[in-house]
Amino acid sequence: MAFAGGSGNEPTLMAFGVKSNPEIAQGQWWRFVTPIFIHIGLLHLFFNSYALWIVGPQVEKLYGGARFVILYLLTGIAGVYGSYAYHPYTISAGASGAIFGLFGVLLVFGLRYRSSIPDVFKRAVGTGVLPVIIINLIIGFTIPAIDNSAHIGGLLAGGLLAAVVPFQKPGEETNAGFRSIQIALLAMVAVCFYEVGVHYDGPRLSARNLVRGVVQIGTGSSTGEFIDAINSAQKTFEASSRQIEAGRIADPKSTAAEISKSIDQLRKAPSLAARSDKLVADLIQVMQDQYDLVQDIQRSGIVTFAQSRRSKENSARYETINDAFSSWVDSEGPKYGIQRDREH
C-alpha cells in the first residue's frame, strides 16, 4: 500500500479492498473479509496490533490455534457487516471488529465456565473484561471517526460463538472438524486477496511513493499532492510566459526561484499511473527549459528576439502537454478523484 501512495490515501484504500457498500453491491463480496487486514495509516495498524497482542494469546491459549482462527475471522467479518449495515456511506477498515470479538469471547467464556475458573484467571475473563469493553465503546461513541458499529458487531458475534464453540482442554488434540473449518477460512482469505489483485484499479505501484506511504500519519491524499504540484507548475509557467511576452520580467530572480520550486514539487509528486508519470516528466522538462530561459533574461537584462522565440516554443510544448493532461484527466482522472474544471 505504501508503494501505491500510502494507506491513508482513499484511492489506495479502495483498490486494496476496504469496506465500501457501493462496490459490495456490485458484487465485490471479498470486501467483507479484506478490511479485517487493512488499516488506515500506521498508527491505526500499531494500536490494533498492540490490542491483538494483548488479547489474542489469551483466547488462543483457551481455544487452540484452529478455533482461534475461526473466532478471529468470523467476528472480523461480523464487524465488517456491522459497518456495512449501519454506516453505508463511508469506507472502513481495520481489525478492531475482530479484536472486540475476542473480548466478547472472553466475556462469555468467563460467564459460561465461571464455576470452574481459578480465581487468578477471573480478572482476564468474564466480568473482568467488562470495564475494557465499556471504556472502548464509550471512546468509540465519543470520536466520530471510530466505527462503533463494527466494534459492536464483532463483540456480539464473539459472544455468540463463545456460547456454542467449546474451549480446547489442555493436552487435547485439535478436532478434525475445527481444523477443516480453519483451513477453509484461511483459503477464503487467500481467495479474497487474489480477487483484490485481479480487480486492482488503483494508483500505480512505484518506488516514488514509498517514503511518503511509509511515513504518512493519519489520512492524506496523494491525489491532492499530485493536483497541487500540477497546478503550481501551470501557474508559475503561465505567469513567466506572460511576462516574457510583455517584453519584461519585473523580478527575474524571484520568477526563476518560483519555477525552481515548482520543478521540485513536480519531482516529489506521487505516482498515479504510467501515463501521468510520463506527462509529469515532460512538464518538468519544459519547466526546466523555461527556468534556463528566465536565467538568460536575468543575465542579459532585456528580452531579446531570440529569447522571445524560445518562450513561444516553450509555450507551444507546454500547451501540448496541458492538452494531454486534460485528456488523461477526462479518461482516467475520476479513478483517482481528479476532475477537470470545465470553467477554465
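**Briefing: contacts, salt bridges and confidence**

Let's start in helix H12: leaving aside residues up to four places away in sequence, serine 315 touches Phe237 and Ser241. Keep in mind that this is a predicted model. Its mean pLDDT is 88, and 92% of the residues reach 70 or more. Below are the spots worth a look on screen, sorted by topic.

**Where the confidence sits**

- Helix H7 (residues 176-198) has the highest confidence in the protein, at a mean of 97.
- At the other end is helix H8 (residues 210-215), where confidence is lowest, with a mean of 70.

**Serine 315 and lysine 261**

- Serine 315 is found in helix H12, and its relative accessibility is 16%, so it counts as buried, the cut-off being under 20%.
- Lysine 261 belongs to helix H10 (residues 252-267).
- With 54% relative accessibility, lysine 261 is exposed, because anything over 50% gets that label.
- Measure from lysine 261 to threonine 236, C-alpha to C-alpha, and you get 9.4 Å, for two residues that are 25 apart in sequence.

**How H4 and H6 pack**

- In general, you describe two packed helices by the angle between their axes and the distance between the axes.
- For helix H4 (residues 96-112) and helix H6 (residues 148-164), the axes come within 6 Å and cross at roughly 35 degrees.
- The crossing of H4 past H6 is right-handed.
- On the H4 side, the contact is made by Ser96, Gly97, Phe100, Gly101, Phe103, Gly104, Val105, Val108, Phe109 and Arg112.
- H6 brings Ala150, His151, Gly154, Leu155, Gly158, Gly159, Ala162, Ala163 and Val164 to the contact.
- Sort the residues of this H4 and H6 contact by type and you find 10 nonpolar, eight polar and one charged.

**A salt bridge across the sequence**

- The structure has six salt bridges, and one of them pairs the side chains of glutamate 172 and arginine 67, at 3.9 Å from N to O.
- Glutamate 172 sits in the loop between H6 and H7, while arginine 67 is in helix H3 (residues 42-86), so this pair ties together parts that are 105 residues apart in sequence.
- Buried or exposed? Arginine 67 has 4% relative accessibility, so it counts as buried.
- Glutamate 172, on the other hand, is partly exposed, with a relative accessible area of 37%.

**A salt-bridge network around aspartate 296**

- Aspartate 296 forms a salt bridge with arginine 299, and their closest N and O atoms are 2.2 Å apart.
- Both of these residues lie in helix H11 (residues 274-300), three residues apart, which is about one turn of the helix.
- Aspartate 296 also meets arginine 310 in a salt bridge through their side chains, this time at 2.7 Å from N to O.
- Arginine 310 comes from helix H12 (residues 305-332) and aspartate 296 from helix H11, so here the pair ties together parts that are 14 residues apart in sequence.
- Since they share partners, these salt bridges join Asp296, Arg299 and Arg310 into one network.
- As for accessibility, arginine 299 is exposed, with a relative accessible area of 62%.
- Aspartate 296 is partly exposed, at 22%, and arginine 310 also counts as partly exposed, at 31%.

How values were computed: Residues are numbered from 1 along each chain as its sequence is written. This is a predicted model: local features need pLDDT of at least 70, side-chain atom pairs count only at pLDDT 80 or more; totals for chains, interfaces and linings use all residues. Side-chain values use heavy atoms; hydrogens and water are left out. Axes are lines fitted to C-alpha atoms, for helices over the stretch in contact, and angles run from 0 to 180 degrees between N-to-C directions. Helices (H or I, at least four residues) and strands (E, at least two) are DSSP runs, numbered from the N terminus. A crossing is left-handed if the near helix is turned anticlockwise from the far one by less than a right angle, and right-handed if clockwise. Contact means heavy atoms within 4.5 Å. Ala, Val, Leu, Ile, Met, Phe, Trp, Tyr, Cys and Pro count as nonpolar, Asp, Glu, Lys and Arg as charged, and the others, Gly among them, as polar. pLDDT is the predictor's confidence in each residue, from 0 to 100. A salt bridge is a side-chain nitrogen of Lys or Arg within 4 Å of a carboxyl oxygen of Asp or Glu. Buried means under 20% relative accessible area, exposed over 50%, partly exposed in between (1.4 Å probe, protein chains only).
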